[in-house]
Each structure stands twice: as C-alpha cells, then as structure tokens.
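Colleague: I am new to this structure and should be grateful for guidance on how to read it. Could we take the features in turn, with the general idea before the particular case?

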Amino acid sequence: MAAKDAKPVSEAHLKHALCYRPMTLDDVAYVLTVEHEVYPYPWTERILQDCIKAGYDCWLALENGVIVAHAFVSVAAGESHLLNLSVSKKHQGKGIGKTFIDFLVNIARNKKATVMLLEVRPSNLQAIHCYDAVGFNEIGSRKDYYPAANGKEDALLYAKEIY
Ligand SMILES: CC(C)(COP(=O)(O)OP(=O)(O)OC[C@H]1O[C@@H](n2cnc3c(N)ncnc32)[C@H](O)[C@@H]1OP(=O)(O)O)[C@@H](O)C(=O)NCCC(=O)NCCS
C-alpha cells in the first residue's frame, strides 16, 4: 500500500507495547498517588507495602518508560487472585487493562495456577467491560465486601480458567 493510502489508526486499536517490571518499596509513594486518583476507597500505603513484603506478584506496566498501570496478584495452591488492577486515569480506555491482564495471566499460569479470580463492584461498569472482554465470567458474589458511601457494597466474583 502506498503511503498516501495509509489510513490513520486510532490509538484504541493499536496493540500496546507495554513493558513490565516488579514493583519495589520505592514505587509505593507513586502507586499510592494513582490509588487516590482512581478509587474512592484506595489501598493504603501500609497495604501496598505489605503486599510487596509478603511476596505477592506486584507489577508495574510502563509505556515509553512511563508507569501507566499497577497490579497485585496472589498465587497459591493452583489458584490466582487478581487483588488490584489499576490504570492511571489519563491512560484508561486505550487497551492497557486488557494487555496487562494477558501478562498477569501468563505470570499466574507459569506458577501453575489454573484459574484467576477477582472481585469487582457491580457499579464499576468500566472494569466489568474489561474483564468480560478478556474472558472472565461471573461466578458468584460476596456480600458487603466493599466500603460504600451508605454502608457496604457487595462484590461480584469473576473467574477465568487459565490452563
Ligand atoms: C478497569 C480498568 C483496569 C480497565 O483498564 P482500561 O485500560 O481502562 O481498559 P481497556 O482500555 O483495556 O478496555 C477494556 C474493555 O473495556 C471497555 N471499556 C473501557 N472503558 C470503558 C468505559 N468507561 N465504559 C465501558 N466500557 C469501557 C473497552 O471498550 C474494552 O472493551 P472492548 O475490548 O470490547 O472494546 C481501568 O479503567 C482502571 O484502572 N479503572 C480504575 C480502577 C479500577 O476500577 N480497577 C478495577 C477494580 S476491580
């Protein structure tokens, strides 16, 4: 195809060239700012530090050297649990969440997990769309799981077979 025939491709349709690196305690201050940016009830500094110290899979996704997302996964006894997946606000809706999940599934699979579980707020339609798009299915709910403005909110429990 001649260059003059090339059509612009919207960013949303490009496969993301993300790089990944494990999170360290030095990253906690930055991750905390993103937590506050994207959640009404963010994880605390203490929770972030404890996850790293406990040896969970704590990962950062970078695009062109800039941190665009973070995630925490625990893997034990053949099950993995996506505890936290967060794309910073200005990078959301560009396919980063989906691409990052693919990476995290591979990490869990390499540690012999055959399923990945996660909880999500029923009100979090953006996240639900993302999990649907990468093959998670709703398998149940957990009562009064999340803090909410007027008390508690249930969680939907989602699962994806990954073997
Ligand atoms: C939820 C989150 C991780 C998704 O990551 P993302 O990079 O924004 O999502 P993607 O761009 O990969 O989109 C994945 C799918 O969701 C859809 N989507 C994205 N934003 C959406 C929105 N605002 N409303 C509806 N659907 C949306 C996309 O169209 C895509 O579906 P498709 O493949 O059928 O087109 C990210 O938005 C985020 O960090 N949100 C704040 C923190 C949070 O809620 N984390 C999850 C806690 S359970």
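Modeller: Let us begin with a single pair of residues. The model is predicted, and in it Arg142 has Ala155 of β7 as its bridge partner. Arg142 belongs to the pairing of β6 with β7, two strands that run antiparallel and are joined by eight bridges.

Colleague: How many residues does the hairpin use to join β6 to β7?

Modeller: The hairpin passes from β6 to β7 through two residues. Ala148 has Gly151 of β7 as its bridge partner.

Colleague: What holds strands together in general, and which strands make up the sheet here?

Modeller: Strands of a sheet pair through backbone hydrogen bonds, in either a parallel or an antiparallel manner. In this model, seven strands form an open sheet with mixed pairing, in the order β1-β2-β3-β4-β5-β7-β6. At the edges stand β1 (19-22) and β6 (137-148), each paired on one side only. From one strand to the next, the twist averages 30°.

Colleague: How many bridges join β1 to β2, and how many join β5 to β7?

Modeller: Four bridges join β1 to β2 (residues 57-63), and these strands run antiparallel. Within β2, Leu62 is the bridge partner of Cys19. Six bridges join β5 to β7, again in an antiparallel arrangement. There, Val115 stands opposite Glu161 in β7.

Colleague: Is β6 largely buried or in the open?

Modeller: The number of buried residues among the twelve of β6 is zero, so this strand lies largely in the open. As noted, β6 is also an edge strand.

Colleague: How should I read the interior, and which residues have the most contacts inside the largest nonpolar core?

Modeller: One looks for buried nonpolar residues that are joined to one another. The largest such core here has 28 residues, and those with the most contacts inside it are Ala71, Leu82, Phe100, Leu104 and Leu118. Several elements supply at least two residues each, among them α2 (45-53), β4 (79-87), α3 (96-110) and β7 (151-161). The element that gives the most is β3, with five residues.

Colleague: With which residues is Leu104 in contact, once its neighbours in sequence are left aside?

Modeller: Beyond the neighbours within four places in sequence, Leu104 is in contact with Trp59, Ala71, Val73 and Leu82.

Colleague: Val31 lies in a helix; why does Val31 count as buried?

Modeller: The reasoning rests on a count, since a residue is buried if 20 or more other C-beta atoms lie within 10 Å of its own. Val31 has 23 C-beta neighbours inside 10 Å and therefore counts as buried. The helix in which Val31 lies is α1 (residues 28-38). Its contacts, leaving aside neighbours within four places in sequence, are Met23, Leu48 and His70. Val31 and His70 are 39 residues apart in sequence, yet their C-alpha atoms are 7.3 Å apart in space.

Colleague: Finally, which residues are closest to the ligand, and which element gives the largest share of the shell?

Modeller: The ligand is surrounded by 19 residues, of which Gln92, Gly97, Ala127, His129 and Ala133 are the closest. Two or more residues of this shell come from each of β4, α3 and α4. The largest share belongs to α4, with six residues. By character, the shell divides into nine nonpolar, eight polar and two charged residues.

Key. Residues are numbered from 1 along each chain as its sequence is written. This is a predicted model: local features need pLDDT of at least 70, side-chain atom pairs count only at pLDDT 80 or more; totals for chains, interfaces and linings use all residues. Two strands pair if DSSP finds at least two bridges between them. Axes are lines fitted to C-alpha atoms, for helices over the stretch in contact, and angles run from 0 to 180 degrees between N-to-C directions. A nonpolar core is a set of buried Ala, Val, Leu, Ile, Met, Phe, Trp, Tyr and Cys residues joined through C-beta atoms within 7 Å. Two residues are in contact if their C-beta atoms, placed from the backbone, lie within 7 Å. A residue is near a molecule or strand if its C-beta atom, placed from the backbone, lies within 6 Å of it. Ala, Val, Leu, Ile, Met, Phe, Trp, Tyr, Cys and Pro count as nonpolar, Asp, Glu, Lys and Arg as charged, and the others, Gly among them, as polar.
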